[in-house]
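User: Could you show me how to read a few features of this structure, one at a time?

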Amino acid sequence: MSFSGRRYRSWGFADAPPQAVRTPAWMTSAVFDDRANPPLRGSTSLAFGRGRSYGDSCLNSEGELIDTRALDRLISFDRKLGLLCAEPGVTLGEILRIIVPAGWFLPVSPGTAIVTLGGAVANDVHGKNQHVDGTIGRHIERLTLLRSSGERLVCSPDCNPELYCATIGGLGLTGFIADVTLRLLPVASDRLNVRTELFQGIAEFVALSAAYRESHRYSVAWLDCAASGRRFGRGVFFAANHVEEAGTLEPAPCGHRLSVPFSLPSRLLNRYTIRAFNMAYRARQKRQAERVERCHFQGYFYPLDAIGRWNRIYGRRGFHQYQFVTPPGSEAVFESLLGRIVRSGAGSFLAVLKAFGDLESPGLLSFPRPGVCLALDFADRGAQTEALIRELDQHVMAAGGAVYPAKDRLMTRDTFRRSFPDHDEFSRHVDPRCASDFWRRVSA
């Protein structure tokens with residue numbers, strides 16, 4: 001299957017040579033029938049969805065990519081039990097357009113709905129409700145995995161459980177996910193009640209997270225990564241619940257309200273423009289502080305989805321997204337890391353802060369673990385940006401924390417192994433015909 005005209009890049013503009021897009025012979029009869037192209041001899045393969053991974057975990061520059069856009073069928077939807085089975089290429093947004101009018105919602109969702117179901121499983125995505133519901137891996141009833149040996153395996157907690165655990169969060173390396181059955185969350189409305197609180201410092205954020213942990217399903221915070229002095233560590237905390245009384249059940253509107261038409265000059269994004277944006281954003285949210293407002297789920301879960309190709313604001317070189325978690329009790333280390341980011345002047349206007357709970361995922365390479373998690377963007381300034389990320393890695397590792405593979409294209413073998421203690425167990429389940437640029441780097 002060939003998709004000419006599409007450029008296969010990660011969302012952070014990770015560089016890669018042109019990718020061969022084919023259907024390997026071992027998948028032909030099981031998935032694509034007679035639509036396959038001849039495979040490259042001895043080549044490795046990797047599924048590719050919508051390219052929303054920020055680093056190079058979705059790229060396979062030394063082999064084939066399997067474009068999953070054609071595999072977007074909804075196989076079944078039990079409206080009474082809330083069980084949905086779909087092919088890997090369907091996006092979360094497309095699922096929401098079907099399930100929300102029926103009174104259901106995704107059990108877990110990342111910050112964008114423009115990701116495929118297969119990609120969500122492969123990265124074991126977490127959301128604003130990790131402290132209540134864990135990762136998406138906890139809600140996968142079963143999945144079907146195609147291996148290069150020709151096996152078609154149903155994987156669940158009771159059937160092929162080891163492959164089930166390796167595939168959830170397995171970065172597409174255990175084989176090809178042919179379908180996924182997901183348990184959904186019942187909702188009465190498409191609206192949420194959202195409470196806004198201001199905070200000053202990480203300790204206040206941790207206290208707010210603890211205070212709202214039992215009463216609110218969702219919580220997330222915006223952190224000002226440009227503020228120093230008495231403003232250091234300031235942010236805005238958002239706690240939300242689905243509206244319980246019956247109301248409208250409308251999916252999110254299709255398309256983007258705005259779009260970035262081309263890559264902007266990189267000089268437009270600097271410490272002064274970022275600082276100005278952060279000041280304006282906080283001033284706007286200050287007017288909503290200590291109030292509860294009702295909003296459509298799109299505005300709370302997916303604000304950036306309204307802007308098409310927003311990654312172009314970072315310029316032609318793209319950006320690095322860096323996401324890490326440090327364990328409970330390491331708030332001083334976290335503030336030291338934040339201080340280093342502020343001093344660098346490289347912190348982005350989009351910095352997302354979350355408190356992770358202790359709900360474990362079945363995935364061997366699942367990222368969330370108890371502690372405080374920060375995700376932010378660094379415009380790619382070459383060696384300067386790479387040196388900063390290497391330095392942050394060292395401090396995160398020293399604190400006993402972890403870095404998220406789906407957001408990273410600089411992770412070293414040592415950082416990977418220290419972030420994921422089950423790496424050896426996972427490696428035993430990697431399909432010999434599956435590989436990625438990320439895996440070659442961290443497994444060498």
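Analyst: We will go through a helix, some aromatic pairs and a few single residues. This is a predicted model, in which local features need pLDDT of at least 70, side-chain atom pairs count only at pLDDT 80 or more, and totals for chains, interfaces and linings use all residues. Residues are numbered from 1 along each chain as its sequence is written, and side-chain values use heavy atoms, with hydrogens and water left out.

User: Let's begin with helix α2. Which of its residues are buried?

Analyst: Buried means under 20% relative accessible area, exposed over 50%, and partly exposed in between, using a 1.4 Å probe and protein chains only. Helices (H or I, at least four residues) and strands (E, at least two) are DSSP runs numbered from the N terminus. In α2, residues 92-99, the buried ones are L92, G93, I95, L96 and I99.

User: Why do they lie on the same side of α2?

Analyst: An α-helix has 3.6 residues a turn, so residues three or four places apart point the same way. Here the buried residues cover an arc of only 155° around the axis, which puts them on the same side of α2; the arc is that of the directions from the helix axis to the C-beta atoms.

User: And what do the buried residues of α2 pack against?

Analyst: Contact means heavy atoms within 4.5 Å. Their partners are β4 (74-78), β5 (83-86), β6 (104-105), α3 (117-122) and α8 (297-301).

User: How many aromatic pairs are there?

Analyst: A pair of aromatic rings is described by the distance of the centres and the angle of the planes. Rings of Phe, Tyr and Trp (its six-membered ring) pair if their centres lie within 6.5 Å; planes under 30 degrees apart count as stacked, over 60 as edge-to-face and the rest as tilted. By this rule there are 20 aromatic pairs. Take F416 and F438: their ring centres are 5.9 Å apart and their planes are at 80°, so the pair is edge-to-face. F416 lies in helix α11 (residues 413-419) and F438 in helix α13 (residues 437-443), so the pair ties together parts that are 22 residues apart in sequence. Both F416 and F438 are buried.

User: What about F426 and W439?

Analyst: Their centres are 5.5 Å apart with the planes at 85°, so this pair is edge-to-face. F426 belongs to helix α12 (residues 423-427) and W439 to helix α13, so the pair ties together parts 13 residues apart in sequence. F426 and W439 are buried. Elsewhere, ring pairs link F105, Y218, F297, Y300, F301 and Y302 into a cluster.

User: Which residue lies over the face of Y300?

Analyst: A charge sits over a ring if NZ of Lys or CZ of Arg is within 6 Å of the ring centre and within 35 degrees of the ring normal. K128 lies over the face of Y300, 5.7 Å from the ring centre. R369 lies over F420's face, at 5.3 Å from the ring centre.

User: Let's finish with T174. Is T174 buried or exposed?

Analyst: T174 is buried, with a relative accessible area of 2%, in the loop between α5 (161-167) and β9 (176-183). Not counting residues up to four places away in sequence, T174 touches several residues, among them L145, F426 and D431.

User: Where does its side chain make a polar contact?

Analyst: A polar contact is a pair of N or O atoms within 3.5 Å; within protein, one must be able to donate a hydrogen and the other to accept it, and residues adjacent in sequence count only if both atoms are side-chain atoms. The T174 side chain makes one with the side chain of T167, at 2.8 Å.
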